Amino acid sequence: MTEIPRPLNEDELKEWQWRLNEANRHNVFCHCRHCGEEWVDSFTDVPCKSCGSGDVERIACWQFPDG
Ligand SMILES: [Zn+2]
């Protein structure tokens, strides 16, 4: 028999989203497409710290695989 995965209940889903939001809020890897500057920030809407460009690629650190 194939085991059907149990869907997350509401509380589990809320906690999961909270964890993602927290991780995302405090660990956003930023890469400026304009000057190549790279940094980690807590916000997703800041311009490049180096050149002020708004053309910044942002990757939440939790998206990186462990190790
Ligand atoms: Zn820049």
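What follows is a chat about the predicted model of one protein chain and its sheet.

Visitor: Before we start, what kind of model is this, and what local pLDDT does it need?
Guide: This is a predicted model, in which local features need pLDDT of at least 70, side-chain atom pairs count only at pLDDT 80 or more, and totals for chains, interfaces and linings use all residues. Residues are numbered from 1 along each chain as its sequence is written.

Visitor: What is the mean pLDDT of the protein chain?
Guide: The mean is 82, and 82% of the residues reach 70 or more, where pLDDT is the predictor's confidence in each residue, from 0 to 100.

Visitor: And where is confidence lowest, and where highest?
Guide: Confidence is lowest in helix 1, residues 10-26, with a mean of 80, and highest in strand 1, with 89.

Visitor: OK, which elements does the chain have, and in what order do they run?
Guide: The protein chain has one helix and three strands, and from the N terminus on they run α-β-β-β. Helices (H or I, at least four residues) and strands (E, at least two) are DSSP runs, numbered from the N terminus.

Visitor: In what order do the strands sit in the sheet?
Guide: The three strands form an open sheet in the order 2-1-3, with antiparallel pairing. Strand 2 and strand 3 stand at the edges with a single partner strand each, so one side of each is left without a neighbour in the sheet. The twist averages 25 degrees from one strand to the next, with axes taken as lines fitted to C-alpha atoms (for helices over the stretch in contact) and angles running from 0 to 180 degrees between N-to-C directions.

Visitor: How many bridges does strand 1 have with strand 2, and how many with strand 3?
Guide: Strand 1 (residues 28-32) pairs with strand 2 (residues 38-41) over four bridges, and strand 1 pairs with strand 3 (residues 56-60) over five bridges. Two strands count as paired if DSSP finds at least two bridges between them. In general, strands of a sheet pair through backbone hydrogen bonds, either parallel or antiparallel.

Visitor: What lies between strand 1 and strand 2?
Guide: Strand 1 and strand 2 form a hairpin with five residues between them, and Gly36 in the turn has a positive phi of about 85 degrees.

Visitor: Which residues are the bridge partners of Phe29 in strand 2 and in strand 3?
Guide: Phe29 has Val40 as its bridge partner in strand 2 and Ile59 as its bridge partner in strand 3.

Visitor: What about Cys30, which partners does that residue have in strand 2 and strand 3?
Guide: Cys30, which is found in strand 1, has Trp39 as its bridge partner in strand 2 and Arg58 in strand 3. Cys30 and Arg58 are 28 residues apart in sequence, yet 4.5 Å apart in space, C-alpha to C-alpha.

Visitor: Switching topic, where is Cys48, and is that residue buried or exposed?
Guide: Cys48 lies in the loop between strand 2 and strand 3, and Cys48 is buried because 20 other C-beta atoms lie within 10 Å. A residue is buried if 20 or more other C-beta atoms lie within 10 Å of its own, exposed if 12 or fewer, and partly exposed in between, with C-beta atoms placed from the backbone.

Visitor: Then why is Cys30 partly exposed?
Guide: Cys30 is partly exposed because 19 other C-beta atoms lie within 10 Å.

Visitor: What does Cys48 touch?
Guide: Not counting residues up to four places away in sequence, Cys48 touches Cys32, His34, Cys35, Glu37, Ser53 and Val56. Two residues are in contact if their C-beta atoms, placed from the backbone, lie within 7 Å.
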